[in-house]
Amino acid sequence: MFHCSTRRFWEPEYEGSDLNLAGWVKKLTGKPTITVGSVGLDTEFMSFISEGKGAGIVKIEGLSERVERGEFDLVAVGRSLLVDPYWAIKIRDGRWDELIPFTPEAAQTLS
Ligand SMILES: Cc1cc2nc3c(=O)[nH]c(=O)nc-3n(C[C@H](O)[C@H](O)[C@H](O)COP(=O)(O)O)c2cc1C
């Protein structure tokens, strides 16, 4: 059984702790969880769905450390991968300047 949190993975779910929803669910249930939400991007998914807004690129600081600490088990990537199938390879190799932003124009090429 998995549980996903959404929006922006770096936003704490409750005051007083850095844990996001995936982190809380794992802590309280002991079940494996997947985090998701704006990995590598600066705006949340819902702003694209409701307003057609694009998203710029941001560094994913601290994400691998949070996985290594066991806060959550997997990381889901949506828009970053939709516009760039080489996203994971570029992140692995530190090729930040080659990442492609999730622009409305790029999104239009998906359908
Ligand atoms: C064009 C587009 C289509 C999507 N279609 C679906 C879908 O059919 N089912 C679903 O559960 N989520 C869908 N999503 C949501 C993604 O699975 C993901 O939860 C969301 O984009 C958050 O991740 P992100 O912030 O990394 O983009 C879609 C997202 C985008 C941008």
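**Exercises on a predicted model**

This model is predicted. The protein has an average pLDDT of 90, and 95% of the residues score at least 70.

**Exercise 1.** Find where confidence in the protein is lowest and where it is highest.

*Solution.* Start with helix H2, where the mean is 87, the lowest. Then take helix H1, residues 21–29, where confidence is highest, at 97. Finally, look at residues 1–5: their pLDDT is below 50, and the stretch has 18 contacts in the model beyond near neighbours in sequence.

**Exercise 2.** Describe the shell of residues around the ligand.

*Solution.* Step one is to list the residues that come nearest: of the 13 around the ligand, these are Gly37, Ser38, Phe45, Gly78 and Arg79. Step two is to sort the shell by type, which gives seven nonpolar, five polar and one charged residue. Step three is to assign residues to helices. H2 (45–51) and H4 (79–83) each supply at least two, and H4 gives the largest share, three residues.

**Exercise 3.** Determine which residues of H1 are buried and what they pack against.

*Solution.* The buried residues of H1 are Leu21, Ala22, Gly23, Val25 and Lys26. Next, check their partner: they pack against strand S1 (34–36). After H1 comes Gly30, with a positive phi near 75°.

**Exercise 4.** Identify the largest nonpolar core and trace the contacts of Val39.

*Solution.* The core has seven residues: Phe9, Val36, Val39, Leu41, Ala55, Val83 and Phe102. Now take Val39. Leaving out residues up to four places away in sequence, Val39 touches Phe9, Ile60, Leu63, Val75, Val77 and Ser80. In soluble globular proteins, nonpolar side chains tend to be buried together.

Note on methods. Residues numbered from 1 in each chain as written. Predicted model: local features only at pLDDT ≥ 70, side-chain atom pairs only at ≥ 80, totals over all residues. Near = placed C-beta within 6 Å. Helix = DSSP H or I, 4+ residues; strand = E, 2+ residues; numbered from the N terminus. Nonpolar A, V, L, I, M, F, W, Y, C, P; charged D, E, K, R; others polar. pLDDT = per-residue confidence, 0-100. Contact = placed C-beta atoms within 7 Å. Core = buried A, V, L, I, M, F, W, Y, C linked by C-beta atoms within 7 Å. Buried ≥ 20, exposed ≤ 12 C-beta atoms within 10 Å, placed from the backbone.
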